[in-house]
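Below are some comments for a colleague who will be working from these coordinates, set out as numbered points.

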Amino acid sequence: MRSSAEANPASPVGLCRVALSFSPPRQAAEHFGEGESRKGLMGKPQHHLVVEVGPDKGLTITVPPHGIRVGRSSNNDVVLKDSVMSRFHCRFFFKPDDGLWAEDLGSANQTLLNQAPMHVARLHVGDHLVLGDTTIKVDNDSILDATTTRKLFDSPVAEGPADGKIEFRHASNGKEPGRKPLRAALMTLLILLAAFGALLWIYKTTPRVRDTAESKPSDTARVQALSISYEKVQADAKNIFRYVLELEANELSIQITDLQNKRQVAGQQHRQVAPEILQSLSDTIEQADFFALKESYQGVATDVWDLIDLSVTINRKTHRVWVLNTHEPEACKAVREAIEEFGQNELGLAALAMAPEKLIDMARAASLLGRSLYDQREVKHDNLANAIRSLHEVEWYLETIEPKPDFYASAVVLRTEAEREMQASGNDLMFLAERAIRLKDWNEAALQLRLLCEKIPDRADSRHQNARKKLLAVERHLKTK
């Protein structure tokens, strides 16, 4: 039995042992190489999957106990070069006492198991899976023995004699090994103690990164793998309503089809989502216990098709819930509603669930408000910005309405004119501010920059951000006067 120091390479003794006797494997754990290194002590392959067809032909894959995701995105555990494969195509995982399983992650071309489409399935040795143009064969369907796996990479450890006594062998004199004197054993202990002291000194003298905001993981890093694939279908004899939301690589798109009301959103809108918004959505999903839900809930109704198909990936955790013709669990409902609200807020599609007549009424009211604010744009500095926002709402509300009502065209023309006027006003104010800065008239510069920030109040607008940055510099000059 190996001691804890030998089993833990991070311990001082383990580090000495690794430094003195470690021989690196030919390749990493995903590919065990040729010959006997690919087989365990009992002759079973020490990998689970092998790519037989595709750009990565010959690659062997080992599935750890916690599972892996496979696809062409760099955020997967195993990245394959198949361009036909989805970015997050499928995952492989183990169920307790039930071997190796595979789950399709809502891929565009599905995952085929032995030529048949699958959602979640138990895998057996000899099975073949097709992912895009890649064919993967199952060579092993059981969790690898930890001891066997360790021996593939550890340096050889001499077996002790049957009587349990420690025996040291001389270098290579061709004779029977003799007992090593106590003095040599003590010398070995002293060497280990010296190595431990050296490692301790290195640890204490190595500069450590302070716990500052710069050293903490950014919001982008925390949610870099957040992806969502959500489809809702409500169909009966009179209508088919389909809503599809995709979030991948921080980019959001929504596709909607409503046959009865003749509304269509083709999914061509794409929006990059801010990291803090993704983090908030990620926290909401985690708190709702979505990952603890069962994979499938199904009712018995036959005259309707009421489907919710929701896949969520947060970092390395992936879960898919399928609800058909039955009440959805509360955790699923909470996550679904949060995702729908997120999509509506980000793409301005909040009104898609409303009747066309209601949408037209809301658009008419927004159009009247926008025109009124535009007419009073000299009364308050932010009236012009508010007018533009209201006129944008007209377009949002009527995006799926055909034909457009008569006031739609005039609202679009007015919004274009208001934006042109906003741009001209912003340019003029920035010109005055920069001239004042060159003349070192800090009071005048601050006045013009504050006015620009009031006219363009949206903090996400680059013009506001630029003015705010210059204003901070100007205010520092004012403090030193």
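1. The side chain of T62 comes to 3.5 Å from the backbone oxygen of Q46. Since this is a predicted model, that distance is a computed value and should be read as such.

2. As to its setting, T62 sits in the loop that runs between β2 (60-61) and β3. Its relative accessible area is 16%, and T62 therefore counts as buried, the cut-off for that class being under 20%.

3. The strand that follows this loop, β3 (residues 68-71), pairs with β5 (residues 90-94) in the antiparallel sense, over three bridges. Within these strands, R69 is found opposite R91 of β5.

4. Both strands belong to an open sheet of five strands, whose order is β4-β3-β5-β6-β9 and whose pairing is mixed. The sheet has β4 (78-79) and β9 (120-122) as its edge strands, each of which pairs on one side only.

5. A separate matter is the second largest pocket, for which a volume of about 820 Å³ is computed. Its lining comprises 38 residues, and those that lie nearest the centre are G106, S107, A108, S229 and E246.

6. By residue class, the lining of the second largest pocket consists of 13 nonpolar, 15 polar and ten charged residues. Several strands supply at least two lining residues each, among them β8 (116-118), β12 (227-235), β14 (251-258), β18 (305-314) and β19 (317-324), while the largest share, five residues, comes from β13, a strand that spans 240-248.

Notes: Residues are numbered from 1 along each chain as its sequence is written. This is a predicted model: local features need pLDDT of at least 70, side-chain atom pairs count only at pLDDT 80 or more; totals for chains, interfaces and linings use all residues. Side-chain values use heavy atoms; hydrogens and water are left out. On a 1 Å grid over the protein atoms alone, a cavity is a set of points where a 1.4 Å probe fits but cannot get out, and a pocket is an open set with protein on both sides within 12 Å along at least five of seven lines; lining residues have an atom within 4 Å of a point. Grid points are joined across faces, edges and corners, and a volume is the space filled by probe spheres set on the points. Helices (H or I, at least four residues) and strands (E, at least two) are DSSP runs, numbered from the N terminus. Ala, Val, Leu, Ile, Met, Phe, Trp, Tyr, Cys and Pro count as nonpolar, Asp, Glu, Lys and Arg as charged, and the others, Gly among them, as polar. Two strands pair if DSSP finds at least two bridges between them. Buried means under 20% relative accessible area, exposed over 50%, partly exposed in between (1.4 Å probe, protein chains only). A polar contact is a pair of N or O atoms within 3.5 Å; within protein, one must be able to donate a hydrogen and the other to accept it, and residues adjacent in sequence count only if both atoms are side-chain atoms.
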